[in-house]
Protein chains: 2
Amino acid sequence: MNLPIKKKSTKKNINMANKGVRLEEIVNESNEYYRVNDIAVIHKKPIPIQVVKVSYPSRNKAVIKEAYYKVPSTTDYNGIYKGYYVDFDCKECNGLTSFPIKNVHDHQVLHLLSIKKHKGIAFLLINLLKFNEYYLLDIDDFKQYWSDSKLGLKKSIPIKDIQTLGIKINIGYKPSIDYLKGVDQLIEKLNK
Amino acid sequence: MNLPIKKKSTKKNINMANKGVRLEEIVNESNEYYRVNDIAVIHKKPIPIQVVKVSYPSRNKAVIKEAYYKVPSTTDYNGIYKGYYVDFDCKECNGLTSFPIKNVHDHQVLHLLSIKKHKGIAFLLINLLKFNEYYLLDIDDFKQYWSDSKLGLKKSIPIKDIQTLGIKINIGYKPSIDYLKGVDQLIEKLNK
């Protein structure tokens, strides 16, 4: 998840190839397409916010006057597709050669591994900005790198490993990013 | 979902039998028990908040200065259990004879029906405050009353119908409310 902290104004235009369209935006668009067409019901979870002060200028009208962004305890997206529980997070990778493992929080990895254990579909959807490519990476494939990072053996995943292990997802028109095609492959794998 | 709007201070103590413990609290406790014991991964979604003004008194420290509660587009709870996608909302009913159908928002009903269609488990968890009883009501059973209400034929469900159609859930120690026992029955029904 990208907490809405201050960003340099140039950030959005780094990747001219995809015209600054952020991964989350095209995923949200695609989810809407999936819902409207009755293909899947997948939603982005609201950003958790710790509310500290609320005022009530009028009846039934609450105005939050002080609040803070919290670190989400899970991932950003979950839902149902073909009867399967689907859970994932979106990650953007700006590197030319590697993806820093710390870009995925430990609690997100543990959550996704737990989902996998309960026979759900759990993955990362990674946008390789410099390549203008999108990959769906099964959490089990990410796990080995993450375990190594916990042992101090590794700090990042080579981009070429993501390109090899991941399922490449193409950008389209409707939906913008048809990532459920990749999920179909994970479902096949699950049932092998 | 209960938006944290101003409540009369007596509200929490209306039902002395359950000592003012709110349904959501015992559901959250139970979900934690299920997660810790690796039985299911079910979370409460954060309350959606529309952020209007944010200030940055220091680097990387965002303080929300103006924000508003939004109406959630789905239900409060979802997750995975035995490989099944589970989705539900908690409702408290203060009536002696009936439960007002408008207590469940249309978009929640439509969302739950959609989940059911995609082969998920979708229900309402209802606390009958006056009876100190808890029922898990399959969204399909709620549907008939809701459809009638849309046609102007009904405004509420008789409590006795909830007690007949619903699956009674007992309050316990660990977990506080073992509602997955009711979900087991819905899974059986799904596979019939």
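Start by selecting B:Asp38 and A:Lys117 in this predicted model: B:Asp38 forms a salt bridge with A:Lys117, and their closest N and O atoms are 2.4 Å apart. Side chains of opposite charge can pair in this way when their charged atoms come close.

Now pick the counterpart pair, A:Asp38 and B:Lys117. Their side chains meet in a salt bridge too, at 2.4 Å from N to O. A:Asp38 sits in the loop between α1 (23–36) and β1 (40–44) of chain A, while B:Lys117 belongs to helix α2 of chain B, so this pair joins two chains. Switch on a surface and compare the partners: A:Asp38 is partly exposed, at 34% relative accessibility, and B:Lys117 is exposed, at 59%. Between chain B and chain A the count is two salt bridges.

**The interface**

Next, colour the two chains separately and look at where they meet. Here 41 residues of chain B are in contact with 41 residues of chain A. Together the chains bury about 3400 Å², with 64% of that area on carbon and sulfur atoms. Select B:Ile64, B:Ile80 and B:His118: these supply 19% of the area that chain B buries against chain A, more than any other three residues.

For polar detail, there are nine residue pairs in polar contact between chain B and chain A. Which element gives the most to the side of chain B that touches chain A? Highlight β3(B), which gives nine residues.

How are the two chains related? Chain B can be laid on chain A by a turn of 180° and a shift of 0.0 Å along the axis, with an RMSD of 0.0 Å. That is the relation of a two-fold axis. The copies also meet through the same surface, because 100% of the interface residues of chain B are interface residues in chain A as well.

**Inside chain B**

Move on to B:Thr75, in the loop between β3 and β4 of chain B. Is B:Thr75 buried or exposed? With 2% relative accessibility, B:Thr75 counts as buried. Show its side chain together with that of B:Asp87, and you will find a polar contact of 2.3 Å joining them. Beyond its close neighbours in sequence, B:Thr75 is in contact with several residues, including B:Phe88, B:Asp89 and B:His111.

From there, step to B:Asp89, which forms a salt bridge with B:Lys91, the closest N and O atoms being 3.5 Å apart. Both B:Asp89 and B:Lys91 are buried.

For a contrast, go to B:Lys174, in the loop between β10 (167–169) and α5 (180–190) of chain B. B:Lys174 is exposed, with a relative accessible area of 56%. Add B:Tyr33 to the selection: the two are 141 residues apart in sequence, yet their C-alpha atoms are 7.2 Å apart in space.

**Over to chain A**

Select A:Asp138 and A:Lys189, whose side chains meet in a salt bridge of 2.7 Å, N to O. This pair links distant parts of the chain, with A:Asp138 in strand β8 and A:Lys189 in helix α5, 51 residues apart. A:Asp138 is buried, at 3% relative accessible area, whereas A:Lys189 is partly exposed, at 42%. Add A:Lys116 and A:Asp140 to see one network, joined by salt bridges that share partners.

Finally, show the cysteines. How many disulfides are there over all chains? The count is zero. Take A:Cys90: its sulfur is 14 Å from the closest cysteine sulfur, in A:Cys93, which is too far for a bond. A:Cys90 is also buried, with 7% relative accessible area.

Notes. Residues are numbered from 1 along each chain as its sequence is written. Chains are lettered from A and ligands numbered from 1 in the order in which they are written. This is a predicted model: local features need pLDDT of at least 70, side-chain atom pairs count only at pLDDT 80 or more; totals for chains, interfaces and linings use all residues. Side-chain values use heavy atoms; hydrogens and water are left out. Copies are superposed by least squares on the C-alpha atoms of residues with pLDDT of at least 70 in both. Contact means heavy atoms within 4.5 Å. A disulfide is a pair of cysteine sulfur atoms within 2.5 Å. Buried means under 20% relative accessible area, exposed over 50%, partly exposed in between (1.4 Å probe, protein chains only). Buried area is the accessible area (1.4 Å probe) that two parts lose on being put together, summed over both. A salt bridge is a side-chain nitrogen of Lys or Arg within 4 Å of a carboxyl oxygen of Asp or Glu. A polar contact is a pair of N or O atoms within 3.5 Å; within protein, one must be able to donate a hydrogen and the other to accept it, and residues adjacent in sequence count only if both atoms are side-chain atoms. Helices (H or I, at least four residues) and strands (E, at least two) are DSSP runs, numbered from the N terminus. Lists of a residue's contacts leave out its neighbours within four places in sequence.
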